[in-house]
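Me: Please pick one part of this model and take me through it slowly, as I am new to reading structures. I would like to follow the charged side chains and then see the setting around them.

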Amino acid sequence: VHLVESGGGLVQAGGSLRLSCAASGETFGINVMGWYRQAPGKQRELVATFTSGDGTTYYADSVKGRFTIFRDNAKNTMYLQMNSLKPEDTAVYYCNAAIVAGDYGKDYWGKGTLVTVSS
């Protein structure tokens, strides 16, 4: 599975960006996709996930109400709409795709896209 993120950039606080993650390869079986981010000097943290089977979503408290995760299955692409951006949202954002089945799990990562929010 190959994941390619795009859409990062520089934006002022209060602005918006939409990140995209295009998936290719053996994507059959992937049932959870998500976005993680890593700010300078910090550990990578979970931002949001989307579960294919029932369409449920999860958001970190820090982004609830501001970010929306969604998928376009026809395009095999996942998105993260980010509104009301804050300087603390500055990070490299990574796309993750996972196969979770009972005790079996395997995940894939993109190379990341940088989001910089200026104050």
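Reply: Let's start at Asp89, which is buried because its relative accessible area is 1%. Here buried means under 20% relative accessible area, exposed means over 50%, and partly exposed covers what lies in between (1.4 Å probe, protein chains only). Before we go on, keep in mind that this is a predicted model, in which local features need pLDDT of at least 70 and side-chain atom pairs count only at pLDDT 80 or more, while totals for chains, interfaces and linings use all residues. Residues are numbered from 1 along each chain as its sequence is written, and side-chain values use heavy atoms, with hydrogens and water left out.

What can a charged side chain do in such a place? Side chains of opposite charge can pair when their charged atoms come close. The pairing we will follow is the salt bridge: a side-chain nitrogen of Lys or Arg within 4 Å of a carboxyl oxygen of Asp or Glu. Searching the whole structure turns up 4 salt bridges.

One of them joins Asp89 to Arg37, with 2.9 Å from N to O. Along the chain these two partners are 52 residues apart: Asp89 sits in the loop between β8 (77–82) and β9 (91–101), whereas Arg37 belongs to strand β4 (residues 32–38). Names like β4 count strands from the N terminus; a strand is a DSSP run of E with at least two residues, and a helix is a run of H or I with at least four. Asp89 and Arg37 are both buried.

Asp89 has another partner, Arg66, and here the closest N and O atoms are 2.7 Å apart. This pair also links distant parts of the chain, since Arg66 is in the loop between β6 (57–59) and β7 (67–72), 23 residues apart from Asp89. Arg66 has a relative accessible area of 10%, so it counts as buried. Sharing partners in this way, the salt bridges tie Arg37, Glu45, Arg66 and Asp89 into one network.

Now for Glu45, the member of the network we have not yet visited. Glu45 forms a salt bridge with Arg37, and their closest N and O atoms are 2.6 Å apart. Glu45 counts as partly exposed because its relative accessibility is 35%, whereas Arg37, at 5%, is buried.

With the network in mind, step back to the whole protein. There are 0 helices and 11 strands. Buried residues are 39% of the 119 residues. Among contacts with a separation of 6 or more, 53% are between residues 24 or more positions apart, where a contact means heavy atoms within 4.5 Å. The overall charge count is 11 positive and 10 negative side chains, and the centres of the two sets lie 6 Å apart. In that count Lys and Arg are positive and Asp and Glu negative, leaving out His and the chain ends; each charge is placed at NZ of Lys, CZ of Arg, CG of Asp or CD of Glu.

Loops are worth a visit too, beginning with the one between β3 (17–24) and β4, where Gly29 is found. Gly29 is partly exposed, because its relative accessibility is 33%. Apart from neighbours within four places in sequence, Gly29 is in contact with Ala98 and Ile99. Its C-alpha atom is 8.5 Å from that of Val100, although the two residues are 71 apart along the chain. Glu26 also has its place in the loop between β3 and β4, and its relative accessible area of 66% is why we call Glu26 exposed.

Finally, look at two backbone angles. Most residues other than glycine have a negative phi. Asn76 has a positive phi of about 50 degrees although it is not a glycine; its home is the loop between β7 and β8. At 28% relative accessibility, Asn76 is partly exposed. Ser84 likewise has a positive phi, near 50 degrees. Ser84 lies in the loop between β8 and β9, the loop that also holds Asp89. With 41% relative accessibility, Ser84 counts as partly exposed, whereas Asp89, where we began, is buried.
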